[in-house]
Amino acid sequence: MSETTPIVETERVGSVLIIRLAAEKTFNALSNAMRDGLAAAFGEAVREPSIRAICLTARGPAFCAGGDLNALNEVRKDPWAVHRRFRDMGRWLLPMLRIEKPVVTAVRGYAIGGGFSLALLGDIVVASDTAKFRASWMRLGILPDVLALYTLPRLVGLAKARKMFIAEETLSAEEAKALDLVTEVVPDGGLDQRALELAQSLAEGPAEVWGLTKLILSRTFESSLDDMFLFEGLGQVVAMGGPEFESRLGATLRKEAMTPSIGDLLRAATKKKPGAP
């Protein structure tokens with residue numbers, strides 16, 4: 001790959017920003033350049049209000065092979081270098097988790113270790129029938145990272161997460177779907193189009209309301225009942241003062257058909273065959 005070739009590509013399709021991992025030769029490993037590219041791309045998505053949804057996908061036969069082992073080998077004997085590496089991960093990882101916009105991830109081939117974690121950061125995860133999700137950290141003798149210790153137990157429960165970590169499990173796309181880690185499994189050739197369709201559907205709905213919802217939802221296990229009640233009330237002040245609530249409430253009161261909700265749009269997209277008009 002030449003120095004002028006972007007390692008993370010971005011493309012606008014209407015109000016959707018496609019962020020594409022583009023280091024095929026390394027199976028999109030999370031190198032320093034890849035991390036910097038993700039930081040820049042998600043920074044753009046956070047700053048630009050006309051971007052209403054994100055579609056995270058990848059070039060090549062694998063979604064992401066996890067950490068860059070050569071980079072890890074260079075820093076492993078210096079504890080401060082390791083600390084700085086994982087501290088600096090927050091520049092791109094935390095904005096991905098906290099972004100107040102819908103995120104769809106499209107996974108084909110292997111999502112290993114940190115790549116598995118990366119896939120789980122999507123609000124919607126679309127997997128091709130070739131996808132494999134591997135919790136491989138114990139094989140290397142390191143802790144699960146890229147927020148897997150935070151996200152996976154919340155998604156599947158502590159017992160299942162413990163088993164997946166200690167057994168170094170590899171899940172097929174269908175097995176991941178059975179655990180609700182994957183929203184939909186599609187033929188490999190239709191993956192990118194289906195993921196984009198879902199992102200566009202989310203962008204057309206009340207994307208900002210969902211963004212605020214997931215911001216508060218992410219605090220539910222760490223917050224008290226009183227705190228969550230407070231967050232809920234403050235969030236409703238914002239949502240009820242917005243144009244989405246005004247138009248949808250008005251349509252309901254007038255007994256008119258309202259524009260489809262996010263749920264309506266997702267159900268419609270899920271029923272539609274990949275590539276269908």
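Reader: Let me start with one residue: is glutamate 184 buried or exposed?

Author: Glutamate 184 counts as buried, at 9% relative accessibility. Here buried means under 20% relative accessible area, exposed means over 50%, and partly exposed lies in between (1.4 Å probe, protein chains only). Please keep in mind that this is a predicted model: local features need pLDDT of at least 70, side-chain atom pairs count only at pLDDT 80 or more, and totals for chains, interfaces and linings use all residues. Residues are numbered from 1 along each chain as its sequence is written, and side-chain values use heavy atoms, with hydrogens and water left out.

Reader: Which side chain does glutamate 184 meet in a salt bridge?

Author: First the general idea: side chains of opposite charge can pair when their charged atoms come close. The cut-off for a salt bridge is a side-chain nitrogen of Lys or Arg within 4 Å of a carboxyl oxygen of Asp or Glu. Glutamate 184 meets arginine 194 in this way, at 2.2 Å from N to O. The two belong to distant parts of the chain, ten residues apart, with glutamate 184 in strand E9 and arginine 194 in helix H10 (residues 191-204). Those element names come from DSSP runs, numbered from the N terminus: helices are H or I with at least four residues, strands are E with at least two. Arginine 194 is buried too, with a relative accessible area of 1%.

Reader: What other salt bridge does arginine 194 make?

Author: Arginine 194 also meets glutamate 197, at 3.4 Å from N to O. Both lie in helix H10, three residues apart, about one turn of the helix. Both are buried. Elsewhere, salt bridges with shared partners tie Glu9, Glu11, Arg20 and Arg59 into one network.

Reader: How many salt bridges are there in the whole structure?

Author: The search finds 15. One of them joins the side chains of aspartate 36 and arginine 91, at 2.8 Å from N to O. This pair spans 55 residues of chain, from aspartate 36 in helix H1 to arginine 91 in helix H4 (residues 90-98). Aspartate 36 is partly exposed, at 42% relative accessible area, and arginine 91 is partly exposed as well, at 48%.

Reader: Back to strand E9: in which sheet does it sit, and in what order do the strands come?

Author: Two strands pair if DSSP finds at least two bridges between them. Here six strands make an open sheet of mixed pairing, in the order E1-E2-E3-E4-E6-E9. Its edge strands are E1 and E9 (184-186), each pairing on one side only. Strand E6 (residues 124-128) and E9 are parallel, over three bridges, and alanine 127 has valine 185 in E9 as its bridge partner. At the other edge, six bridges join E1 (residues 8-13) to E2 (residues 16-21) in the antiparallel sense. Valine 8 stands opposite leucine 21 there. E1 and E2 form a hairpin with two residues between them, and glycine 14 in the turn has a positive phi of about 60°.

Reader: Which strands form the three-stranded sheet?

Author: That open sheet runs E5-E7-E8, again with mixed pairing. E5 (110-112) and E8 (170-172) stand at its edges with a single partner strand each, so one side of each has no neighbour in the sheet. E5 and E7 (residues 132-134) run parallel, joined by three bridges; isoleucine 112 stands opposite arginine 134.

Reader: Which residue in the loop between E2 and helix H1 has a positive phi although it is not a glycine?

Author: Most residues other than glycine have a negative phi, and most peptide bonds are trans. Asparagine 28 has a positive phi of about 60°; it lies in the loop between E2 and helix H1 (32-47) and is buried, with a relative accessible area of 0%. Lysine 255 also has a positive phi of about 60°. Lysine 255 sits in the loop between H13 and helix H14 (262-271) and is exposed, at 77%.

Reader: Last one: why is cysteine 55 not bonded to cysteine 64?

Author: A disulfide is a pair of cysteine sulfur atoms within 2.5 Å. The sulfur of cysteine 55 is 16 Å from that of cysteine 64, the closest one, which is too far for a bond. The whole structure has zero disulfides. Cysteine 55 is buried, at 2% relative accessible area, and cysteine 64 is buried, at 0%.
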